[in-house]
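Me: Hi! Could you walk me through this one? I'd like to start with some backbone oddities and then talk about the ligand.

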Amino acid sequence: MIKTLDPAVEMILAAKRPMIMVGGAASRLNQHSIAQIRDFVQRTGIPFFATQMGKGVVAEDSDLYMGTAALSERDHVHVAVDKSDVIIAVGHETCEKPPFIMSEGGPKVIHIAHQPATFTQAYSPQLEVIGDIGASVAALADRLEGKLPNAGALLPLREGILALIGEGADEKSWPVTLDHVVHVVRKVMPEGSIVTLDNGLYKIPFARKYRTNHPNTLLLDNTLATMGAGVPSAIVAAMLNLGLWVMAVCGDGGFQMTGQELMTAVEQKLDLVVLILDNGGWGMIEAKQIAKGFPKFGVDFRNPDFVKWAEACGAKGTRVETLDDLMPALEAALKGGGVHVVAVPVDDSKYKRLVGEFRSPKAKPSGA
Ligand SMILES: Cc1ncc(C[n+]2csc(CCOP(=O)(O)OP(=O)(O)O)c2C)c(N)n1
């Protein structure tokens with residue numbers, strides 16, 4: 001019996017409404033450790049949620065999946081997080097945008113990681129289990145299995161959370177809504193294929209709604225959130241994962257930062273699709289202006305012809321002109337092979353409002 005685990009075992013045994021959080025550090029573990037984390041979730045029966053970069057470490061089609069924290073608070077999953085009394089944080093990384101904010105009277109946190117926690121205003125765990133993550137959770141599962149009558153206390157909230165996550169998938173308006181884009185991309189990309197994201201407003205619905213059962217198959221940056229990362233990371237994913245379908249999803253602004261790398265992709269004879277979400281502006285920045293009650297300023301721009309851009313690089317290009325054309329265009333691009341840009345007009349007004357409501361409930365929308 002490993003005595004150093006005693007405090008963590010006691011805290012989990014005493015928990016009335018426990019949850020497990022799976023963070024970004026877990027997605028970089030080897031297959032054996034990932035299997036141990038999956039096993040820990042199954043053997044304890046405690047519901048789990050993921051951070052943006054921890055998605056897929058534990059399969060999101062699990063009956064214990066409670067969602068992904070795309071925001072730090074008031075996201076769908078926080079309905080459960082706010083009610084929990086103990087969160088077992090597996091592979092939390094302070095460099096990720098916080099998946100929840102700790103406060104007096106909130107859930108206690110057990111930090112299970114390779115390294116001690118970096119204490120911040122958002123994260124100051126009461127207990128730490130430091131060492132090999134897989135070995136730690138395996139040892140904990142041995143001590144806890146069959147002894148947790150409260151393990152599933154928060155599960156009744158799951159149905160409501162999943163209903164919110166599913167909202168908007170069937171929206172049939174034009175330009176295409178972001179929720180519908182996520183739904184279409186998930187439908188055309190087989191389980192195990194790779195989607196890389198650039199950085200912009202659409203990252204929120206992708207983190208929330210793109211359910212994946214494999215780690216590192218929704219590659220996104222929840223740390224510095226550097227624009228321009230979408231196409232280069234898709235190039236590397238395509239180079240490393242020969243035979244898997246790869247799609248980069250980019251905002252029109254982010255694409256223009258590194259879109260010249262289409263040349264590299266063509267030169268390397270890669271198969272990859274770049275989906276450009278065309279809203280004619282810096283959506284995330286407009287959302288932040290709304291959140292602060294500022295008037296809309298300097299966020300609109302005129303786009304080049306993305307089809308001609310693709311063709312100039314030796315790639316193929318398609319502009320989607322109707323809602324019904326989106327899925328067939330993506331399927332044809334993926335099946336056709338080579339480098340293929342698909343540009344689609346999007347309506348992201350729901351998320352511009354949402355960021356405003358989330359960041360500053362008292363801020364008045366500018367009306368811009
Ligand atoms: C290199 C870099 N510059 C600036 C930012 C700040 N920033 C975050 S999102 C964003 C706008 C992104 O616009 P777009 O790619 O068109 O996506 P949208 O938000 O419109 O969906 C900006 C400027 C950043 N994250 N990275």
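**Backbone, rings and ligand**

Reply: Happy to! R74 lies in the loop between β3 and α3 (78-81), and this is a predicted model.

Me: What is phi of R74 near?

Reply: Phi of R74 is near 60°, so a positive value, and R74 is a residue other than glycine. For context, most residues other than glycine have a negative phi.

Me: Where does N216 lie, and what is its phi about?

Reply: N216 is in the loop between α7 (203-209) and β9 (218-219). Its phi is positive, about 60°, although N216 is not a glycine.

Me: And the peptide bond from W174 to P175, cis or trans?

Reply: That bond is cis, with omega near 0°. In general, most peptide bonds are trans. As for location, P175 is found in the loop between α5 (158-166) and β7 (176-177).

Me: Switching topic: how many aromatic pairs are there?

Reply: The count comes to eight aromatic pairs. Take F48 and Y65: their ring centres are 5.6 Å apart and their planes are at 50°, so the pair is tilted.

Me: Where in the chain are F48 and Y65?

Reply: F48 is in strand β2 (residues 48-51) and Y65 is in strand β3 (residues 65-69). They are 17 residues apart, and the pair links distant parts of the chain.

Me: Great, now the ligand. Which pocket does the ligand sit in?

Reply: The ligand sits in the largest pocket. Around the ligand there are 17 residues, and the closest are A225, D252, G254, N279 and G283.

Me: What does that shell have by class?

Reply: The shell around the ligand has seven nonpolar, nine polar and one charged residues.

Me: Which helices each supply at least two residues of it?

Reply: α9 (252-258) and α11 (283-291) each supply at least two residues of the shell.

Me: Which polar backbone atoms does the ligand meet?

Reply: Here are three contacts to look at. A ligand nitrogen atom is 2.7 Å from a polar backbone atom of A225. An oxygen atom of the ligand is 2.9 Å from a polar backbone atom of L201. For M227, a backbone N or O atom lies 3.1 Å from a nitrogen atom of the ligand.

Me: And how much of the ligand's area does the protein bury?

Reply: Taken alone, the ligand exposes 590 Å², and the protein buries 77% of that.

Notes: Residues are numbered from 1 along each chain as its sequence is written. This is a predicted model: local features need pLDDT of at least 70, side-chain atom pairs count only at pLDDT 80 or more; totals for chains, interfaces and linings use all residues. Side-chain values use heavy atoms; hydrogens and water are left out. A residue is near a molecule or strand if one of its heavy atoms lies within 4 Å of it. A polar contact is a pair of N or O atoms within 3.5 Å; within protein, one must be able to donate a hydrogen and the other to accept it, and residues adjacent in sequence count only if both atoms are side-chain atoms. Accessible areas come from the Shrake-Rupley method with a 1.4 Å probe; for residues, only the protein chains shown count as cover. On a 1 Å grid over the protein atoms alone, a cavity is a set of points where a 1.4 Å probe fits but cannot get out, and a pocket is an open set with protein on both sides within 12 Å along at least five of seven lines; lining residues have an atom within 4 Å of a point. A molecule sits in a cavity or pocket if more than half of its atoms lie within 2 Å of its grid points. Helices (H or I, at least four residues) and strands (E, at least two) are DSSP runs, numbered from the N terminus. Ala, Val, Leu, Ile, Met, Phe, Trp, Tyr, Cys and Pro count as nonpolar, Asp, Glu, Lys and Arg as charged, and the others, Gly among them, as polar. Rings of Phe, Tyr and Trp (its six-membered ring) pair if their centres lie within 6.5 Å; planes under 30 degrees apart count as stacked, over 60 as edge-to-face and the rest as tilted.
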